[in-house]
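Thanks for coming, everyone. I have one structure to walk through today. Please bring it up on your screens.

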2 protein chains.
Amino acid sequence: MTLPVPPWEQRAPKRRPAKLPLSREAILAAAFRILDAEGLDAVTMRRIADELDTGPASLYAHVANKDELYALLLDQAAGEMRLSEPSAEHWQDRAKEFIRELERVLVSHKDLGRAALARIPTGPNSLAASEALLALLRAGGVPDQDCAWAADILSLYAVAHAYENGLHLLQAGGEEAGIAYVAAIGQYFRQLPTDRFPNIVELAGLLTTGDGDVRFEFGLDLLIRGLASRAADAKRDHG
Amino acid sequence: MTLPVPPWEQRAPKRRPAKLPLSREAILAAAFRILDAEGLDAVTMRRIADELDTGPASLYAHVANKDELYALLLDQAAGEMRLSEPSAEHWQDRAKEFIRELERVLVSHKDLGRAALARIPTGPNSLAASEALLALLRAGGVPDQDCAWAADILSLYAVAHAYENGLHLLQAGGEEAGIAYVAAIGQYFRQLPTDRFPNIVELAGLLTTGDGDVRFEFGLDLLIRGLASRAADAKRDHG
DNA sequence: ACCTGAACACCGTTCAAGT
DNA sequence: ACCTGAACACCGTTCAAGT
């Protein structure tokens, strides 16, 4: 049994319990909520403002612009990476784990990887991650210039893959729809004219097998083999 | 006996000199003009319509939506690639040339590479390019599954690099500004606290040396070495 | 110092109406 | 069939005004 509320105590129903004071943290938290639910495209200044019961202009007291906001999201995500210690003997495994971890964290925030493309990360968490990767590679005896460029290339690979993976996951509306889409592409390849596209037709099956993970591992294997091969060459030439 | 001319076939006297009839070709041409001058962000339905002296709604009679338009741009660009014949002995060089060519064509259209990310190309020119790449790899004796996945990974590498390169070229407002930006990043790395970021500080120079091209070649070397290494392993295991 | 409403200059896409 | 104007539901960012 519920008692009637006297008219003088009736309030407009507040959909949100308490309006927290605006802050960079609150803005980032709201941004992550939207990002994780709907993807990066939904993370607009106006949506965030909505989420915080204010107007879009209010955000600009705490964040320079949307680009800086994305950089902050990225650095916060970088802080979620679990970094491991260098190991001379197992540098290849450690490097692989690092790149997997970067990809994992990015995909866990949908298509956040897109925000990492074409940006040199300079936030504290991103720097700590780069530092760890460089340490991993140097411990393995990879030449310094290779370490520097490899850190760049390996991260680019993780980011690009994370973006593709995250977007598929998002727009297909789940893992299953993504698989169905790839299967449909396979069918499309199979029915192409054999005289013009013999290799595509013949390899249609192989082109569309493997989920994101095994394809990711394949590229990772190529890159690390390449690095090891160069490191071996350098050792031979030098010593 | 003359048939009546339907109203829509009657030609209105053209008051302005050069208004071509709308067509997919005219729309694509206008889109490329904007793209090559200002980059992908400027290629909006409304800008294209402006360029063609019409309203944005008119474009939808020729193009399903903006996403299809981007796919068409991409396939037309793929048609600009110069493809080479397979060669068993020189498959590594041929594969490298292919990836360089893909990157070159994309960068020649500013940041068009972005439109290639997270999209499986299905247009005729893109298919012809994929077909050529698969032929190149198979001629070199790369195992079929490796060919299939490598075609994907190598293209992803070219596309991701082209996007970064194209964007730097665009937003820096030219080659020189881009170099200045990288140099500034180098200075930033150098003044970081040595205790927290020893490797970044020490490698600051190496991290920021090399223009886009030599960094691109480095990654390409890693990938092709990796492929060759796998191919050698497969040969050993199998024969 | 922080927040706000209103405005500016844009978007992609739809739809009924025109030729 | 093709094209159009107007509208809808959005954007990022600025700015003068408020507290």
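Let's start at the DNA. The surface near DNA strand C is made of six nonpolar, five polar and five charged residues. Keep in mind that this is a predicted model. In total, 16 residues surround DNA strand C. Which come closest to it? From chain A, they are Thr54(A), Ala57(A) and His62(A). From chain B, they are Arg46(B) and Tyr60(B). So both chains appear in that list. Look at the atoms of DNA strand C within 4 Å of the protein: sugar and phosphate make up 56% of them.

Now, which element gives the most to this surface? Helix 2 of chain B, residues 45-51, with three residues.

Next, the phosphate contacts on DNA strand C. I'll take three from chain B. Thr44(B) uses its side chain: a polar atom there lies 3.3 Å from a phosphate oxygen of DNA strand C. Met45(B) uses its backbone, with an N or O atom 3.1 Å from a phosphate oxygen. Lys66(B) also has a backbone N or O atom by a phosphate oxygen of this strand, at 3.0 Å.

Over to DNA strand D. Here 17 residues lie around the strand. Coming nearest are Arg46(A) and Tyr60(A) from chain A, with Thr54(B), Ala57(B) and His62(B) from chain B. Sugar and phosphate supply 53% of the DNA strand D atoms that come within 4 Å of the protein. By class, the surface near DNA strand D has seven nonpolar, five polar and five charged residues. Helix 2 of chain A, residues 45-51, gives the most to that surface, again through three residues.

What about side chains at the phosphates of DNA strand D? Thr44(A) places a side-chain N or O atom 3.3 Å from a phosphate oxygen. For Ser58(B), the side-chain distance to a phosphate oxygen is 2.9 Å. For His62(B), it is 2.5 Å.

That's the DNA. Now the protein-protein interface. How many residues of chain A are in contact with chain B? The number is 58, and they meet 58 residues of chain B. Together the two chains bury about 5400 Å², with 69% of that on carbon and sulfur atoms. On the chain A side, Glu131(A), Trp149(A) and Phe218(A) lose the most area to chain B. Those three together account for 13% of what that side buries.

Two helix pairs in this interface deserve a look. Start with helix 7 of chain A and helix 7 of chain B, residues 144-171 in each. Their axes come within 10 Å and cross at roughly 100°. That crossing angle makes the two helices roughly perpendicular. From chain A, the contact uses Ile153(A), Leu156(A), Tyr157(A), Ala160(A), His161(A) and Glu164(A). From chain B come Ile153(B), Leu156(B), Tyr157(B), Ala160(B), His161(B) and Glu164(B). The classes here are eight nonpolar, two polar and two charged residues.

The second pair is helix 11 of chain A, residues 212-238, against helix 7 of chain B. The axes are 10 Å apart, and the packing angle is about 80°. These helices are therefore roughly perpendicular to each other. Which residues meet? On helix 11 of chain A: Val214(A), Arg215(A), Phe218(A) and Gly219(A). On helix 7 of chain B: Asp146(B), Trp149(B), Ala150(B), Asp152(B) and Ile153(B). That contact has five nonpolar residues, one polar and three charged.

Note that Phe218(A) has come up before, among the residues that lose the most area to chain B. Ile153(B) has also come up, in the helix 7 pair. That's my tour.

Technical notes: Residues are numbered from 1 along each chain as its sequence is written. Chains are lettered from A and ligands numbered from 1 in the order in which they are written. This is a predicted model: local features need pLDDT of at least 70, side-chain atom pairs count only at pLDDT 80 or more; totals for chains, interfaces and linings use all residues. Side-chain values use heavy atoms; hydrogens and water are left out. Axes are lines fitted to C-alpha atoms, for helices over the stretch in contact, and angles run from 0 to 180 degrees between N-to-C directions. Helices (H or I, at least four residues) and strands (E, at least two) are DSSP runs, numbered from the N terminus. Angles under 35 degrees count as roughly parallel, over 145 as roughly antiparallel, 65 to 115 as roughly perpendicular and the rest as oblique. Contact means heavy atoms within 4.5 Å. Ala, Val, Leu, Ile, Met, Phe, Trp, Tyr, Cys and Pro count as nonpolar, Asp, Glu, Lys and Arg as charged, and the others, Gly among them, as polar. A residue is near a molecule or strand if one of its heavy atoms lies within 4 Å of it. A polar contact is a pair of N or O atoms within 3.5 Å; within protein, one must be able to donate a hydrogen and the other to accept it, and residues adjacent in sequence count only if both atoms are side-chain atoms. Buried area is the accessible area (1.4 Å probe) that two parts lose on being put together, summed over both.
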